[in-house]
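Student: Got a minute to go through this model with me? I'd like to start with the charged pairs.

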Amino acid sequence: MDANILNNLKITKVASSKIDTFDFEDLKFGAKFTDHMLVCEYKNGEWGTMEIKPYAPITLDPSARVFHYGQAIFEGMKAYKDENDEIWLFRPDQNFERFNKSAIRLAMPAIDEDRFIGGLKELINIEKDWVRKGLGNSLYIRPFMIATESGVIASPSNEFLFCILLSPAKSYYSGKIKVQIADYYSRAANGGIGAAKAAGNYSAQFYPTKLAQEAGFNQVIWTDSTHTHLEESGTMNVFFRIDNTLFTAPTSDRILDGVTRKSLIAIGEHLGFEFKIEPVKVDFIVEAAKNGTLKEIFGAGTAAVVNQIEGFQYKEDYYQLPVVADEDSYALQLKEALTKLQNKLADDPFNWTVKI
């Protein structure tokens, strides 16, 4: 860590906190934010001084490149408070590395660890009262970067804004969901930006997801451009349990290298679960649903951790998954193991948790 970067950090605090007006029992995910945010500008080929200041609107020129050419990336992370009131991050190095991979893919500048992780720790230290104890409670962390240079010429920006927002959170999804397997729309393509956490990846999903919801489903399981292989579920990586084996697609140009995904695989292998990380064909899953060997499907991501799927539609046919008792569910066993580790309610044999 470069002590000078953190020593030069400028801090302006709110006159009075809004925390006493906050209902922590009734939280809509990502809708409300803490008192402060972190900002840092990139100009003249270098990152400037970080500033923690009151959460407030950002003023941009109408011709800022982010509005016209979509140079925008983000990450999703969480902080947890244990029973001793200590606050922990979960694998922040993985989000830091992926953020910079996304930046490079979108012709944006990489950011240093001092600003990304060091600045985040300083921000959370100021907002520590917003992190609540208890399994299911967390502080959602949203680092993002946008292109801010003015001018509508179609070229990469030379100026950027890095920002971190904090939002108290409870469990994102509740209950099992029904999904459609995409047979027309695709989330990403070879050589594209599917593996980056780019804003455009998510806006491109909204319309097909809206169509699925109008048809009575919650989400879409995305397929590749040939619609023969299964890739992600909504905004999450996806796992399929056939008999006692969990299948998931390998990461690629098209599939996000999910931190929750890789963590569940490592935990599952530690617990003795069998995984096959290989391309997953639509026909393979449909046939498994027909012959009864398909036991579970679940999504995995930062916000929800694990989201169980109760059934799927492919073309004109709907396939209901069997009811698996909670104690026999691989999805729930993995979720419990991961969330206990994140909340310091179980040992961390992987040294993934980082104390603030």
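Student: Is K133 buried or exposed?
Tutor: In between: K133 is partly exposed, with a relative accessible area of 35%. Buried means under 20% relative accessible area, exposed over 50%, and partly exposed in between, using a 1.4 Å probe and protein chains only. Keep in mind that this is a predicted model, where local features need pLDDT of at least 70, side-chain atom pairs count only at pLDDT 80 or more, and totals for chains, interfaces and linings use all residues. Residues are numbered from 1 along each chain as its sequence is written, and side-chain values use heavy atoms, with hydrogens and water left out.

Student: OK, so which side chain does K133 meet in a salt bridge?
Tutor: That would be D85, at 3.4 Å from N to O. The pair links distant parts of the chain, 48 residues apart: D85 sits in the loop between β6 and β7, K133 in the loop between α4 and β8. A salt bridge here is a side-chain nitrogen of Lys or Arg within 4 Å of a carboxyl oxygen of Asp or Glu. Helices (H or I, at least four residues) and strands (E, at least two) are DSSP runs, numbered from the N terminus. D85 is partly exposed too, at 47%.

Student: How many salt bridges does the structure hold?
Tutor: There are 15. One of them joins D183 and K315, with the closest N and O atoms 3.8 Å apart. That one also links distant parts of the chain, with D183 in strand β10 and K315 in the loop between β18 and β19, 132 residues apart.

Student: And what about E214 and K210, where do they lie?
Tutor: Both are in helix α5, four residues apart, about one turn of the helix. Their side chains meet in a salt bridge at 2.7 Å, N to O. E214 is exposed at 55%, while K210 is partly exposed at 42%.

Student: Switching topic: how many residues of β8 are buried?
Tutor: Nine of its 10, so to speak mostly covered.

Student: Which strands does β8 pair with?
Tutor: Among them is β9, antiparallel over 10 bridges; pairing takes at least two DSSP bridges between two strands. L139 stands opposite P168 in β9. β8 also pairs in the antiparallel sense with β5, over three bridges, and with β6, over three bridges. F74 has F144 as its bridge partner in β8, and M77 stands opposite I141.

Student: Last one: what does the N237 side chain reach?
Tutor: The backbone oxygen of L256, at 3.1 Å. N237 lies in strand β13 and is buried, at 5%.

Methods
A polar contact is a pair of N or O atoms within 3.5 Å; within protein, one must be able to donate a hydrogen and the other to accept it, and residues adjacent in sequence count only if both atoms are side-chain atoms.
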